[in-house]
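Thanks, everyone. I'll take the strands first, then the helices, then two single residues.

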Amino acid sequence: MSFQMDPDWLPFHPNPSQPRFVLPPGSVDAHCHVFGPGDEFPFAPERKYTPCDAGKDELFKLRDFLGFDRNVVVQATCHGADNSAMVDALRASDGRARGVATVRPDVTDEQLAELHEAGVRGVRFNFVKRLVDPKPDEYYHGIVERIARLGWHVVLYFEAADLAERWEFFTSLPTVVVVDHMGRPDVTAPVDGPEFGRFLTLMRDHPQFYAKVTCPERLTVAGPPGYDDVVPFARTLVESFPDRVLWGTDWPHPNLKSHMPDDGRLVDFIPRIAETADARQRLLVDNPTRLYWG
């Protein structure tokens, strides 16, 4: 079976820069994906986009080039609940990768045990309506009851405007909860405004929540190379919750329309949001290691 990527799809950067910032030993790229290759790991029939191929070999080559030691591979919506490509990457990583899966309520205990053995440590629930069709709360609660027994956590992907209506459900989750991309704040709004304030309240009042201070390329209005408008939001989270923040490349940057980031320059963004060696050690090494290899 041959898949044709969407005509407006932006493939990942073919030749990223060598970062100027040297990552601390043991650094983890805590948010990245694998896509296919589609002929080996077919994309899901219900997908809302068809990406370029971006398999494990390319991911691990980038890991080594940028200076990361390990990866957390997050199941992409284009693969639905077929975690085969992600699991294949974990099994090929020699213990240097962990995974976040997508599962449905009919997943068996045997399948969950197999995912755990491969290195999966969480499930992802996506509420971004242009990417998926969100389900009723009971759908997710049934899954959480199953995965909580394995010590897994929940990863949430949502838009900032949707946080209020989902608040009760999100805060009812009995596991550690990791929020993708800072809850996608509107970076044209004030960092001390009510919308981002709601997310800060979520983090402050619910110590089981972590935030990924990721995707300046996805959140920016100002654009590259500096992504200056994203810096205050990410820096606020790093300074306020130093033990509950994670960072990742988001390679291969699915569904971007404005530009394709240089992954080396993304690494150089890190010291702008984590300004001390201690903050960078926690963000890149201590926090993801505790969460995924602890």
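Look at β2 from both sides. Arg70, Val72 and Val74 lie on one face, and they are buried. Asn71 and Val73 lie on the other face, and they are buried too. So there is cover on both faces of this strand, taking buried as under 20% relative accessible area. Keep in mind that this is a predicted model. The strand covers residues 70–74, and five of its five residues are buried. In general, side chains in a regular strand alternate between the two faces of the sheet.

Now, what does β2 pair with? One partner is β1, residues 28–32. The two strands run in the parallel sense, over three bridges. For a landmark, find aspartate 29, which stands opposite asparagine 71 in β2. The route between these strands goes through helix α1, residues 56–66. That β-α-β crossover, from β1 to β2, is right-handed.

The other pairing to show is with β3, residues 97–101. Again the sense is parallel, and here β2 and β3 share four bridges. Valine 72 has arginine 98 in β3 as its bridge partner. From β2 the chain reaches β3 through helix α2, residues 84–91. This β-α-β crossover is right-handed as well.

Stay on α2 for a moment. Which of its residues are buried? They are Ala85, Met86, Val87, Ala89 and Leu90. And what do those buried residues pack against? The list has helices and strands in it: α1, β2, β3, α3 at 109–118, and β4. So the helix that carries the chain from β2 to β3 also has buried residues packing against both of those strands.

Next, β5. This strand spans residues 153–157, and five of its five residues are buried. His153, Val155 and Tyr157 point one way. Val154 and Leu156 point the other way. All of them are buried.

What joins β4 to β5, and in which sense do they run? Five bridges, running parallel. Arginine 124 stands opposite valine 155 in β5. Keep valine 155 in view, please. In β6, its bridge partner is valine 178. β6 itself covers residues 177–179. The pairing of β5 with β6 is parallel, over three bridges. Add helix α5, residues 163–172, and β5, α5 and β6 form a right-handed β-α-β unit.

On to helix packing. Take α4 and α5. Their axes come within 11 Å and cross at roughly 15°. That angle is why α4 counts as roughly parallel to α5; the cut-off is under 35 degrees. The crossing of α4 past α5 is right-handed. Who makes the contact? From α4, it is Asp137, Tyr140 and His141. From α5, it is Arg166, Phe169 and Ser172.

Now a second helix pair: α6, residues 194–205, and α8, residues 231–240. The packing angle is about 20°, and the axes are 11 Å apart. So α6 is roughly parallel to α8. α6 passes α8 in a right-handed crossing. On the α6 side of the contact you have Phe196, Phe199, Leu200 and Met203. They meet Phe233, Thr236 and Leu237 in α8.

Two single residues to finish. Where is aspartate 133? In the loop between β4, at 120–126, and α4, at 137–148. Is aspartate 133 buried or exposed? It is exposed, because its relative accessible area is 53%, and the cut-off for exposed is over 50%. Set aspartate 133 against leucine 59. They are 74 residues apart in sequence, and 28 Å apart in space, C-alpha to C-alpha.

The other residue is arginine 272, in helix α9, residues 263–273. Its relative accessibility is 32%, so it counts as partly exposed. Compare its position with aspartate 228. Along the chain, arginine 272 and aspartate 228 are 44 residues apart. Their C-alpha atoms are separated by 9.4 Å. What does arginine 272 touch, leaving out residues up to four places away in sequence? Gly226, Asp228, Val231 and Arg235. So aspartate 228 is among the contacts of arginine 272, with contact meaning heavy atoms within 4.5 Å.

Definitions and conventions
Residues numbered from 1 in each chain as written. Predicted model: local features only at pLDDT ≥ 70, side-chain atom pairs only at ≥ 80, totals over all residues. Heavy atoms only, no water. Buried < 20%, exposed > 50% of the residue type's maximum accessible area, 1.4 Å probe, protein only. Pairing = 2+ DSSP bridges. Right-handed = clockwise from strand over helix to strand, strands pointing away. Axes fitted to C-alpha atoms, helices over the stretch in contact; angles between N-to-C directions. Parallel < 35°, antiparallel > 145°, perpendicular 65-115°, else oblique. Left-handed = near helix turned anticlockwise from the far one by under 90°.
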